[in-house]
Amino acid sequence: MPHIQQLPPHVADLIAAGEVVERPASVVKELVENAVDAGASAVVAELRRGGMGLIRVTDNGCGIARPELPAAFLRHATSKLRGPEDLGCIGTLGFRGEALAAISAVSRVEIRTRRREDRTGAVLRLEGGVPGEVEEAGAPEGTTILVRDLFYNTPARLKFMKKDSAETAAAAGLMQHLALSHPAVSFKFIKDGQEALHTPGDGRLDSAVYAALGRDFARSLLPVEGGGDGVRVSGFVTRPLQGRGSRAMQVFFVNGRFIKSQLLTAALEEGYRNQIMKGRFPGCVLAVTLPAAQVDVNVHPAKTQVKFAREQAVFDAVYHTVLDSLARQGGPVSPPPGADPGKTLNPRDDFFQSMDAKTYRDQGAKPVSPPAGRSLSAWNTERGGTRLSDSVPPLPRRETPFPPLRGDAPPPVVRQGPEETPPKEEPPLVPAIPRAGEELPGQEALEPQEEAPWRIAGEVLRTYIVCEDEGGCVYLIDKHAAHERINFDRLKAALEPPMRQTLLTPAAVEPGREEAALLLENLPLLEEFGFSCEDFGGGAVLVREVPADLDAADAAATLEEIAAKLREGRSPAERREALLHTMACKAAVKGGWKSDPAELRALVSKVQSGEVKYCPHGRPVAVKLTKYELEKMFKRA
């Protein structure tokens with residue numbers, strides 16, 4: 001067995017850096033959080049080449065004293081903790097003292113800082129965690145940190161980096177979350193020289209939402225405010241009718257820290273139960289505030305997960321706050337004061353008549369009669385005591401001869417002056433529908449199709465087809481699942497891209513900055529599925545063409561689900577199959593839709609032939625009940 005020995009400090013620093021610095025977005029997160037903790041009111045983050053070339057973060061915070069600059073890059077060196085009692089009430093974003101040490105260990109760093117009370121600033125340069133000399137330099141109030149050549153000394157980490165666009169999108173999403181969690185701070189994000197985000201920093205959450213998540217999402221939100229038992233909840237949630245195709249727009253904060261929490265997600269969606277369409281998810285920007293001693297933020301290296309001391313209290317606060325907000329916004333429209341709530345309003349009594357369904361049935365669905373006191377000929381046709389029909393001259397009557405169909409009676413005689421002359425004979429037309437026993441030239445009569453060994457008995461709930469076969473078995477067929485499987489097999493076997501339909505007005509889809517970057521990164525894959533998209537800026541994707549069998553109204557939801565699939569770490573083959581599932585589902589008939597009998601017959605034919613057995617997700621398409629099973633249910637067997 002090898003001997004146990006202590007690792008060299010440099011190797012230990014690289015291992016620690018691997019826990020904290022996973023990608024350029026991790027560097028941006030640590031540096032911007034330090035800027036917020038320093039009391040900055042304005043923070044600027046700039047990336048070049050996805051952060052692999054340059055990361056620069058500038059703030060106007062308190063700065064760092066010149067003698068303390070080298071100590072800031074030592075492991076476990078921090079100004080935010082003094083003793084073990086401070087671990088129980090952490091109120092800052094950073095506190096472990098590992099960020100700067102981890103970043104400097106895998107990059108080339110330059111820091112320039114000046115405090116307000118200092119006349120000159122200081123600059124320090126580090127390479128691979130090794131610091132140089134602290135030098136006096138001119139600097140504005142605050143701190144500017146430059147990180148170059150990230151992972152230059154750890155080539156194994158470089159091969160796990162994604163494209164520059166994906167890394168930039170991850171950093172942009174991080175800046176969004178920080179801007180939403182601190183609306184009193186003005187955040188600016190610049191990528192390759194172009195400004196991608198700029199929040200006003202006026203302290204209003206709605207302003208930060210508008211700047212970070214876009215106008216359309218901001219207009220779909222409802223304000224929420226409430227809580228209880230020491231837990232306060234505030235922010236915004238989406239209206240039930242404007243649910244999202246994924247959970248990408250669910251943003252949670254706990255004491256100003258962005259987190260990912262299954263508990264908060266479950267509480268939010270429980271508040272929407274029976275109020276949002278199945279398969280849609282609510283969006284939100286919710287801030288949860290509770291005593292610092294009741295939440296543990298030191299359970300994850302990236303500090304994106306927390307542990308609550310009283311989970312039930314947090315769940316109840318979020319659930320009831322969301323539920324109360326939706327209840328205040330919902331409800332039927334109230335009738336005008338003094339109106340009979342049981343009577344349909346009719347502003348035009350001279351034309352429209354109001355009646356309930358029973359009265360309509362009792363009258364036998366008779367046509368609407370004119371109001372009493374008016375004749376039908378004069379009804380609504382008088383103007384100034386003169387009928388409109390009397391003031392309009394009659395149109396001249398034209399009589400045009402029509403050629404007769406073969407076998408019909410001779411054409412009518414056309415009057416042309418005092419004598420009657422027959423019209424010019426025209427060649428007979430071929431009838432559209434031939435008579436019995438008669439065939440059109442060049443065509444052959446089709447043989448009647450054999451009668452299928454099954455019969456469609458009907459459809460229930462506009463979702464399930466009921467049919468029976470010759471063996472006395474009854475089948476319940478899910479039409480959506482069957483059609484979804486048919487679409488999936490067709491798309492998977494297709495050798496050419498599907499036919500497209502060009503939208504009259506291109507649609508701007510805003511799935512989120514990270515999701516939009518994923519879609520733009522996979523434009524060739526979208527082209528393969530029939531989408532023509534391009535970058536619209538600001539985290540939006542402009543859609544110009546969609547697959548022909550996809551409803552244009554479902555384009556936004558489909559792209560949101562495709563983006564969610566692209567985020568999953570799968571192989572190219574698995575990713576393509578997952579996207580086929582989404583396309584097949586969106587193009588299939590939905591449960592609750594009214595279907596034509598020919599459509600139902602085509603679906604049943606595929607199922608009864610054994611071609612379709614399971615939907616792409618593995619659910620059964622049909623349920624079979626034998627005659628014996630039915631008779632047993634009714635105690636006949």
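Here is a friendly talk about two parts of this predicted model, a set of paired strands and a pair of packed helices.

Colleague: What makes strand β11 mostly covered?

Modeller: Strand β11 spans residues 231-238, and six of its eight residues are buried. A residue is called buried because its relative accessible area is under 20%.

Colleague: How do you know that β10 and β11 pair?

Modeller: Pairing needs at least two bridges. Eight bridges join strand β10, residues 221-228, to β11, so the two count as paired. They run antiparallel, and Gly 227 stands opposite Arg 232 in β11. In the hairpin of these strands, with two residues between them, Asp 229 takes a positive phi near 60°.

Colleague: And what makes β11 and β14 a pair?

Modeller: Six bridges join β11 to strand β14, residues 284-289, so the cut-off of at least two is met here too. These strands run antiparallel, with Phe 236 opposite Val 285 in β14.

Colleague: Let's turn to the helices. Why is α16 called roughly antiparallel to α17?

Modeller: Helix α16 (residues 555-567) and helix α17 (residues 572-587) pack at an angle of about 160°, with their axes 10 Å apart. Angles over 145 degrees count as roughly antiparallel, so α16 and α17 earn that name. The crossing of α16 past α17 is right-handed.

Colleague: Which kinds of residues make up the contact of α16 with α17?

Modeller: They divide into six nonpolar, two polar and four charged. Among those in α16 are Ile 562 and Leu 566, while α17 brings residues including Leu 579 and Met 583. Leu 579 counts as nonpolar because Leu is one of the residue types listed under that heading.

Note on methods
Residues are numbered from 1 along each chain as its sequence is written. This is a predicted model: local features need pLDDT of at least 70, side-chain atom pairs count only at pLDDT 80 or more; totals for chains, interfaces and linings use all residues. Side-chain values use heavy atoms; hydrogens and water are left out. Buried means under 20% relative accessible area, exposed over 50%, partly exposed in between (1.4 Å probe, protein chains only). Helices (H or I, at least four residues) and strands (E, at least two) are DSSP runs, numbered from the N terminus. Axes are lines fitted to C-alpha atoms, for helices over the stretch in contact, and angles run from 0 to 180 degrees between N-to-C directions. Angles under 35 degrees count as roughly parallel, over 145 as roughly antiparallel, 65 to 115 as roughly perpendicular and the rest as oblique. A crossing is left-handed if the near helix is turned anticlockwise from the far one by less than a right angle, and right-handed if clockwise. Contact means heavy atoms within 4.5 Å.
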